[in-house]
Amino acid sequence: MKCIVCGSDKTRDYWDHRLVQCTECFLVRAADSYFSCQPSGLYTETYYQGAEYADYMGERKALARNFQQRIAILRRLAPEARKLVEIGSGYGFFLEMAGRYWGVKGFEISEYAAQQAQRMSLPCIQGDYLLEDIAAEKSDIVCLWDAIEHLRTPRLVLEKVEADLRPRGVVAISTGDIGALLPRLQKARWRLIHPPTHLWYFSLTLLLRLLREVGFEPVKISYPFHYRSLRWLAGRVSRCAPRWIGDLPIPLQTGDIVEVYARKRRGTSD
Ligand SMILES: [Zn+2]
């Protein structure tokens, strides 16, 4: 397969057999075999309650702290915004909070997660954002929180985001930064390496290059404190962490989670 940043098809193994790196632009991604896994088989109830997340619902308070910070940033960057779209909206925790400020709509590939959101009466559409024709209802903000690394075709998705946004609209992305100090020290042991759910491993440099190529200009880059629950943290330290440990949000700074906010350059057509 061709590199989504530079178009080259030359790769070499990276750190271990699970990852490959483009020899031209150095983008890291999961090895080809992982791309054949169908999302319907990956994002089941087990993914949210036991596999990737020990307990996604238990992370709700911690996620809400992260979302509060991001909402404050978006309100500053796009004060006139009225419509917000979230790609990969999970159980709808962000949609629920963002709905206080904007008209919101979420897209979620996981049938199980979308059902959780729909049960809370949140406007979440189960399906592939790439197949949804929403260009007519132009949005002002599109968010991909910890989502871009899961997509099979991030470049196509970002091109569609650019087309679906109003002139000067904002795309907001959070993801791991494989160029940060911690992954460079830990290499194959880095906690964010888990194909086939994580397919793409951007460095900040390559994420910015891709955004620029599809028509965005980055306006804010940050490595914020991000919150996880005390229970999650205890689980990282010991597999035998007791379940009664609470969901108190704990701020962490690992330096390898980056948030990028970028504005659509094209502003003449609507
Ligand atoms: Zn490349």
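**Loops, strands and core of the predicted model**

Asp146 sits in the loop that links β7 (139-145) to α6 (154-164). In this predicted model, the phi of Asp146 is near 50 degrees, a positive value in a residue other than glycine. Most residues other than glycine have a negative phi, and most peptide bonds are trans. Asp146 counts as partly exposed because 18 other C-beta atoms lie within 10 Å, and the cut-off for buried is 20 or more. Phe26 also has a positive phi, here near 75 degrees, again in a residue other than glycine. Phe26 belongs to the loop between β2 (16-22) and β3 (28-30). With 16 C-beta neighbours inside 10 Å, Phe26 is partly exposed as well.

A further backbone oddity turns up between Pro195 and Pro196, which are joined by a cis peptide bond with omega at about 5 degrees. Pro196 is found in the loop that runs between α7 (181-186) and β9 (200-201).

Strand β9 leads on to the open sheet. That sheet has four strands in the order β1-β2-β3-β9, paired in the antiparallel sense. Its edges are β1 (11-14) and β9, each of which pairs on one side only. Strands of a sheet pair through backbone hydrogen bonds, either parallel or antiparallel. Within the open sheet, three bridges hold β2 and β3 together in the antiparallel sense, and Val20 has Arg29 of β3 as its bridge partner. The loop between these two strands is the one that carries Phe26.

Parallel pairing shows up around β5. Strand β5 (residues 103-108) is mostly covered, with five of its six residues buried. Strand β4 (residues 83-87) runs parallel to β5 and is joined to it by five bridges; in one of the pairings, Ile87 is partnered by Phe107 of β5. To get from β4 to β5, the chain passes through helix α4 (residues 93-98), and this β-α-β crossover is right-handed. Strand β5 also runs parallel to β6 (residues 124-126), here over three bridges, and Glu108 stands opposite Gln126 of β6. The β-α-β crossover from β5 to β6 goes by way of helix α5 (residues 111-119) and is right-handed too.

Ile87 comes up again in the largest nonpolar core, which has 67 residues. Together with Ile141, Val142, Cys143, Val171, Ala172 and Leu211, Ile87 is in the group that touches the most other members of that core. What does Val171 contact, leaving aside its neighbours within four places in sequence? The list is Val142, Val161, Leu165, Phe216 and Ala262.

Val161, one of those contacts, is also among the buried residues of α6, the others being Pro154, Val157, Leu158, Lys160 and Asp164. These buried residues of α6 lie on the same side of the helix because they cover an arc of only 160 degrees around its axis. An α-helix has 3.6 residues a turn, so residues three or four places apart point the same way. What covers the buried residues of α6? The cover includes β4, β7, β8 (165-176), β9 and α8 (204-213). Strand β4 thus has two roles in this picture: it takes part in covering the buried residues of α6, and it pairs in parallel with β5. For β9, the corresponding roles are cover for the buried residues of α6 and an edge of the open sheet.

How values were computed. Residues numbered from 1 in each chain as written. Predicted model: local features only at pLDDT ≥ 70, side-chain atom pairs only at ≥ 80, totals over all residues. Buried ≥ 20, exposed ≤ 12 C-beta atoms within 10 Å, placed from the backbone. Pairing = 2+ DSSP bridges. Right-handed = clockwise from strand over helix to strand, strands pointing away. Core = buried A, V, L, I, M, F, W, Y, C linked by C-beta atoms within 7 Å. Contact = placed C-beta atoms within 7 Å. Arc of directions from axis to C-beta.
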